[in-house]
Amino acid sequence: PWLPCPWLLPSLAPPGFGVLSPPRSPLPVSSPASASRPNTPQPLPRVGWFPRGCHTPAPPRWHSVAGRCVAAGKIAPSHTIIAPTPPSGGGLRVASLRIIISTTFLIGELTEILIFAYGLYMVGGGTYNLNTMEQKQYFHFCADGEESRNFIICEKDYRANFNLIGVCAANSDVVVLSFSIEDSHPHGLLWGTLSACLDYVGKYEKQYRHYAARTHPPGMKFEFKCELYPINDEQYLKNVATYTIIQPTKDGKPIMYYDYPWGTGSMYFRKQPYTPVWYYDDQGIIQTPVPFGSLTAREQRAVTHSQILTISEEWLVCNGLILPSNYVDVQRFESIYRTHNSFRVFTSSPKKREEIMLQAMADYRGVSLEDLEARRICGEVCKQMFGFRDPRRLDAPRRINLAQQLRRQYRLSFRQLSSLVYVSEIELRRYVPA
């Protein structure tokens, strides 16, 4: 930074010296206004120390531009230190030492930087991470249920998935708003930057793969891959938020989403106080939550299913489950709907909204509309034949019967039939006519 008036520095000069502007020099000027007069004298961009009594021409014209000063059409660098130079031409000029530090302009530059950073932070309601300049937004976290294999085989797997959601939230820079665990895949609504959400999903997938490798029977085929979908529309956000908590309780299952133990459906728009479903043991007796730090090392590993990742010692654990109240942002979830009535509307008419969800997920995955329509048809035929829409609840013979009916009525390909009824193409070709 440069002083706007460098000729006002006599008070800073040593005794016997004064601050003078350099003599004018007949250098050509690059500005368009004086291009026709190449010999017009212009001031040099220098200020030196001269003995008193020397010729003192008029000071140069200085113009402040973006915190710097311009003289003779050239920008002088900030914080410049010019070493002393010996006198030339026999003049009385002595070596000049120039250290120009302008506190005013320094403060101005810092203020501009702070205003710029604050402006970035305020864009989108303060949703920018100033470390990476990534914008925070909502993401739908799930896995492709049709591609997953043996995701859940017993209740211990439900409990492990339930706890790993919290363990990964404690070790990632994301906010979990809701989640639920189905027998084929999980669902969740996240808030954070893209990199943070990808880190969360990666941790969760890696930890559950390690768990499945330790606990599932040897040789059992296990397939599981998480997906992350950005949400940029308010109406679609409401659909996703509803989908993540009611999806596991559909398809004829005799349970409501607020009683489902492997999700967070019981946490929203509740009148305080209430007893969460995770407080009840297998006999229906209410247990008292305890801090995670009060457990033994073995008990802590049994809860987190990891020797590396852990959670805060102040988090509450009940019946071996990490309570979602430790990390789920209920207030932000409720702010999506704003009122109880809006939330009730979205949870009471899920069929049409599910079609919107599936359409959007198919677009993200690059799945053709034919596959999406085939899935809808399969659910309808399955419900007509067996009373529910989920083919995964059928045993092997009835899955073959369903595949035969779909092949006979709609001429679906064996690839589509295999993904719909969860039977390999080799087995289908043995029992389903071509």
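Trainee: Before we start, when do two strands pair?
Mentor: Two strands pair if DSSP finds at least two bridges between them. With that in hand, look at the open sheet of 3 strands, which has the order β14-β15-β16 and antiparallel pairing. Keep in mind that this is a predicted model.

Trainee: Which strands of that sheet stand at the edges?
Mentor: β14 (290–291) and β16 (321–322). Each has a single partner strand, so one side of each is left without a neighbour in the sheet.

Trainee: And how many bridges join β15 and β16?
Mentor: 2 bridges, with β15 (residues 316–318) and β16 pairing in the antiparallel sense. If you want a residue pair to click on, Val317 has Ile322 in β16 as its bridge partner.

Trainee: Okay, zooming out. How many helices and strands does the protein have?
Mentor: The secondary structure comes to 12 helices and 16 strands. The protein has 434 residues, and 44% of them count as buried.

Trainee: What about the surface, how much does the protein expose?
Mentor: About 23700 Å², and carbon and sulfur atoms supply 56% of that.

Trainee: And contacts? What share comes from residues 24 or more positions apart?
Mentor: Those residues account for 66% of the contacts in the protein with a separation of 6 or more.

Trainee: Back to sheets. What's the order in the one with 4 strands?
Mentor: β11-β12-β10-β13, an open sheet with antiparallel pairing. β11 (175–181) and β13 (226–231) stand at its edges with a single partner strand each, so one side of each is left without a neighbour in the sheet. Neighbouring strands here are turned by 20° against each other on average, direction ignored.

Trainee: Does anything sit on it? I mean, which helix packs on the sheet?
Mentor: Helix α4 (residues 234–246) does, touching β10 (137–143), β11, β12 and β13. The direction of α4 makes about 135° with that of β12.

Trainee: Let's go strand by strand. How many bridges join β11 to β12?
Mentor: 6, and the two strands run antiparallel; β12 covers residues 186–192. In that pairing, Ser180 stands opposite His187 in β12.

Trainee: And β10, how many bridges join it to β12?
Mentor: 6 bridges again join β10 to β12, running antiparallel. β10 and β13 also pair in the antiparallel sense, over 6 bridges.

Trainee: So who stands opposite Tyr138?
Mentor: In β13, Tyr138 stands opposite Ile231, and in β12 the bridge partner of Tyr138 is Trp191. For Phe139, the bridge partner in β13 is Pro230.

Trainee: Is β10 mostly covered or mostly open?
Mentor: Mostly covered, with 6 of its 7 residues buried.

Trainee: Then why is β13 described as largely enclosed? It's an edge strand!
Mentor: Being at the edge concerns neighbours in the sheet. As for burial, 5 of the 6 residues of β13 are buried, so the strand is largely enclosed by the rest of the structure.

Trainee: New topic, Asp390. Where is the place of Asp390?
Mentor: In the loop between α9 (369–386) and α10 (396–410).

Trainee: A loop residue, then. Buried or exposed?
Mentor: Asp390 is buried. Its relative accessible area is 5%, and the cut-off for buried is under 20%, so Asp390 qualifies.

Trainee: Which side chain does the side chain of Asp390 make a polar contact with?
Mentor: That of Arg392, at 2.9 Å.

Note on methods: Residues are numbered from 1 along each chain as its sequence is written. This is a predicted model: local features need pLDDT of at least 70, side-chain atom pairs count only at pLDDT 80 or more; totals for chains, interfaces and linings use all residues. Side-chain values use heavy atoms; hydrogens and water are left out. Buried means under 20% relative accessible area, exposed over 50%, partly exposed in between (1.4 Å probe, protein chains only). A polar contact is a pair of N or O atoms within 3.5 Å; within protein, one must be able to donate a hydrogen and the other to accept it, and residues adjacent in sequence count only if both atoms are side-chain atoms. Contact means heavy atoms within 4.5 Å. Accessible areas come from the Shrake-Rupley method with a 1.4 Å probe; for residues, only the protein chains shown count as cover. Axes are lines fitted to C-alpha atoms, for helices over the stretch in contact, and angles run from 0 to 180 degrees between N-to-C directions.
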